[in-house]
Amino acid sequence: MRHTPRYLMTDPVEVKRLIRGNPWATFVSPTTTGLIASHYPALLVEDEDDIVIASHFGRPDEQLHELGRHEILVIIQGPHDYVSPSLYAPGDLVPTWNHVTAHLYGIPEILSEEENYAMLTRLTDHFEDHRAHGRHLSEDEEGTRRAAKGTVGLRMRVARFDARAKLSQNKSPEVRERITAQFTETNAALAAEMRRVGEAPR
């Protein structure tokens with residue numbers, strides 16, 4: 001990402017929060033045939049001090065990505081939106097795009113068949129537990145284990161990350177309040193991120 005020190009997000013706790021709240025990720029691999037990108041959920045492994053994610057690829061994606069043979073990039077995209085200069089002071093005419101984004105780098109570890117099924121169970125439970133009529137793989141373990149064979153599980157300890165929270169920090173408090181108020185109506189998640197930055201110690 002563009003080197004913009006004002007917007008750097010360096011706290012691993014904040015990166016974990018971003019992953020937790022935005023689990024749909026882009027996986028990019030620099031393979032021997034060129035760049036390959038795929039999209040899968042990334043589940044934060046909560047019982048680790050480091051940033052560790054778990055996911056799965058549908059076969060044969062893991063072969064296309066040469067998974068486990070090199071470092072990959074996992075992109076986590078949080079709330080984002082266009083910022084119109086109509087919200088700025090008179091004469092300030094350059095629009096921008098506010099966003100919260102993290103680039104995670106690491107070499108994924110391929111999970112065993114049993115580890116993969118356990119990860120898929122955790123992933124499904126993560127999204128189903130809060131639903132009124134949530135479903136679980138355990139309802140048909142034999143059938144879901146067969147389906148799991150079509151996937152390859154991975155676990156990646158993040159070796160380094162590059163993250164930005166670009167949220168109009170370069171604007172005056174009055175302008176930031178106008179932008180936040182606009183997003184409160186149109187993009188509540190982004191407005192909430194702007195309020196968090198505004199409340200953070202400087």
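Leu-167 sits in the loop between β9 (160–166) and α5, where helices and strands are DSSP runs (H or I of at least four residues, E of at least two) numbered from the N terminus. This is a predicted model, in which local features need pLDDT of at least 70 and side-chain atom pairs count only at pLDDT 80 or more, while totals for chains, interfaces and linings use all residues. Residues are numbered from 1 along each chain as its sequence is written, and side-chain values use heavy atoms, leaving out hydrogens and water.

Leu-167 counts as buried because its relative accessibility is 0%; buried means under 20% relative accessible area, exposed over 50% and partly exposed in between, with a 1.4 Å probe and protein chains only. Beyond neighbours within four places in sequence, the contacts of Leu-167 include Tyr-7, Arg-176, Leu-190 and Met-194, contact meaning heavy atoms within 4.5 Å.

Now to the helices α5 and α6.

| Helix pair | Closest approach of axes | Crossing angle |
|---|---|---|
| α5 (residues 173–186) and α6 (residues 188–199) | within 6 Å | roughly 150° |

The axes are lines fitted to C-alpha atoms over the stretch in contact, with angles from 0 to 180 degrees between N-to-C directions. α5 and α6 are therefore roughly antiparallel, a label for angles over 145 degrees. Among the residues that meet are Ile-179 and Phe-183 in α5, and Leu-190 and Met-194 in α6.

Elsewhere, the largest nonpolar core has 35 residues, and Phe-27, Val-74, Ile-76 and Leu-104 have the most contacts inside it. Such a core is a set of buried Ala, Val, Leu, Ile, Met, Phe, Trp, Tyr and Cys residues joined through side-chain atoms within 4.5 Å.

Notes. Angles under 35 degrees count as roughly parallel, over 145 as roughly antiparallel, 65 to 115 as roughly perpendicular and the rest as oblique.
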